[in-house]
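Got your viewer ready? Load the model, and let's walk through it one selection at a time.

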Amino acid sequence: MAVSSSFTGAKMENLLLCSAPSSSSGSASRAVSMQLPHVGLSKRRGLVQRGGAGGGGVGVRPVVRCDVGASGAAPEGPRIDVSSLSALEQLKASAADRYTKERSSIVVIGLSVHSTPVEMREKLAIPEADWPRAIGELCSLNHIEEAAVLSTCNRMEIYVVALSQHRGVKEVTEWMSKTSGIPVSDLHQHRFLLYNKDATQHIFEVSAGLDSLVLGEGQILAQVKQVVKVGQGVVGFGRNISGLFKHAITVGKRVRTETNIASGAVSVSSAAVELALMKIPESSHSDARMLVIGAGKMGKLVIKHLVAKGCTKMVVVNRSEERVAAIREELNGIEIIYKPLSEMLACAAEADVIFTSTASETPLFLKENVKDLSPVSTEVGGLRLFVDISVPRNVGSCVSEVSGARVYNVDDLKEVVAANKEDRLRKAMEAQAIITEESKQFEAWRDSLETVPTIKKLRAYAERIRLTELEKCLSKMGDDLPKKSRRAVDDLSRGIVNKLLHGPMQHLRCDESDGRTLSETLENMHALNRMFSLETDLSLLETKIRAKIEQIQK
C-alpha cells in the first residue's frame, strides 16, 4: 500500500493497521494517541423517524490509543496527541469504504409547522445573527463538512454535507438537543430527515413556497436569500451547500415567474389579519381598535393588510419611531399612531385586537400583564384577541387562561389556509414540473464536481513531470544560457503539456455543450485515475480527512 509520508497520511497508516492482527511477539509497537473533542412536506415526510435511541448533549471523548504490532523493520513511530483527527477515530470503528467509495451526502434535519408544535420550534429557533456561530459549531462535528441554518417562524431546518449519513444525523440531532434543551427522543418524534435528491427537492419546494403554510408566500424566498447572504465568507458554508441554496433561489424566482402560484397568494401576516377578522363580528371590522406591536417586515405587512381590509386607524408600538414614520408616509391617508415600547401595556388596554411580531426572545405578554386590562366591548365579541406571529412567541400561552382574552399563534393559521385547498393543489402541480427539472440540473452539477479532484491531480502530475524534465534540460544547456532562451524552453514545455492535456480535460468536463453524458464523463475520470494512478482509496480518504482537519483548525 502506498502511504503518504505527510503527517496526516502517517496517522492514517497507523489507524488502518489498528484493525489488522498483531505481528509475532518481540515486534516493536507503535502507539498513536488521538484526543477527540466535540464542539459545542410532501410525500417524502414518510421519512420522519419516530422513537429511536436517546442521547444527551455532546461531550468530550476520552483519549483512544491504538497499539499496533509492526515488523522489526518498521521504524518506531512517535506518540502524538492530535485533537483535530477526531474523524479518523470514527473511521476505525467503521469500514473505510464508507468514506472512500461513497460521496458525501447532503442531508436536511428539519422540524416544521407541519409536524412540530410552536412550543418546540421556538426553543429550536436560532436568530439570524447567530447563524455563522451555528455553522461553525456544526462543522466542528466529526462527520459534518458543510452546513447552513434556515430558521423561520414556520421551520427550523439544518442542511449539512455529511461524511456519513447515520453518524452525521446523530451528531446534528445531539447538537440540536444540546442547544435547545429538548431531549433527543422528543426531536426524533417530530423531525424529518431527507437525503441527497430528496433534500434538494425539499429546499426547492421551500423556496418556491410549496412547503409553506400559505402556498406561494413570498417571504420564504427572501429568507432563503438571507441564508446565502449571511453565509458568504463563513467557513463551513461550502461549495455544495452554497450551490444548493443559490439554485433554490433560482427555482423560487422561476416558479413565481412561470406559474400563477403567487397570484392571490397570502403571507403569514395576511393570514393573521384574516384570522382576526374571522373571530370578530363582521359589523365591527371597521370599528375594532387595532394594535400592532413591532414594525419590522412582518409588522409592516400586517399594517398593509389591515389597510387593505378597510382599517383606517391603528396604533403601532415599536422600539423607534423611524420605521413607523416611513410606513405612515408610504400609506398616505391612514392614521398610524406611534407609541414607544414603554407604553405597550397601556396601549394593549385600549385595543380590541393585538398583533405581535417582534424578535424578542422572551414573552411580551404573560397572564399577570393581561388579567387587569379593562374588558373589551361586546360589540367586538367581548374578547381581546392576541394574534402572535412571532417565533419565539411574544404572547405566553398562559394568557389564554384569562377570561376575556384569546391567543392565536402561527399554528392556528391553518384554519385560514384550509379554505382554498383545491386551488393550492392545482398551483402546486404547475410548480412541481419546474422543480423536477431544476433538481436534475443541480444533481448533474453536483455529480460533475467529482471530476474536479481528477482534473487537479492530472494537472499536478503533468506539471511535476514538466518541471523535472525542464530542470534536466536546462542543466545540460549550461549556466550561461540567456534568460530569453530559458524562457523559450519553459514556454515550449508548457505548450506541449497544455496541448497534451487538452483532450483529456475536455473529456472530464460535463457542461452538456458537446452532448457528453455524465456517465461517460465519470467513466473517463475513472479511466484516467487508473492509467495515471491519480487516486487510491487511501489518498481519497486522506484528502477528505485533511479537508476536515483544516476546517477545524481555522
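**Stop one: a pair of helices**

Select helix 11 and helix 12: the two run oblique to each other. That is because their angle is about 50 degrees, and angles that are neither roughly parallel, roughly antiparallel nor roughly perpendicular count as oblique. In residue numbers, you want 268–279 for helix 11 and 297–308 for helix 12, and you'll find their axes 8 Å apart. The crossing is right-handed.

Now show the side chains where they touch. On helix 11, pick Val-268, Ser-269, Ser-270 and Val-273; on helix 12, pick Met-298, Leu-301, Val-302, His-305 and Leu-306. What classes of residue make this contact? There are 6 nonpolar and 3 polar residues, and no charged ones.

**Stop two: an aromatic pair**

The structure has 4 aromatic pairs. For one of them, select Phe-204 and Phe-442, which sit edge-to-face, with 6.2 Å from centre to centre and 80 degrees between the planes. This pair links distant parts of the chain: Phe-204 belongs to helix 8 (residues 197–208) and Phe-442 to helix 17 (residues 421–448), 238 residues apart.

**Stop three: colour by confidence**

Keep in mind that this is a predicted model. Colour the chain by pLDDT: the mean is 78, with 73% of residues at 70 or more. Where is confidence lowest, and where is it highest? Strand 1 (residues 29–34) has the lowest mean, 34, while strand 7 (residues 290–293) has the highest, 97.

Next, select residues 1–43, where pLDDT is below 50. Then try residues 45–85, where pLDDT also stays under 50. Where pLDDT is low, don't read the predicted coordinates in detail.

Note on methods: Residues numbered from 1 in each chain as written. Heavy atoms only, no water. Axes fitted to C-alpha atoms, helices over the stretch in contact; angles between N-to-C directions. Helix = DSSP H or I, 4+ residues; strand = E, 2+ residues; numbered from the N terminus. Parallel < 35°, antiparallel > 145°, perpendicular 65-115°, else oblique. Left-handed = near helix turned anticlockwise from the far one by under 90°. Contact = heavy atoms within 4.5 Å. Nonpolar A, V, L, I, M, F, W, Y, C, P; charged D, E, K, R; others polar. pLDDT = per-residue confidence, 0-100. Phe/Tyr/Trp six-rings, centres within 6.5 Å; stacked < 30°, edge-to-face > 60°.
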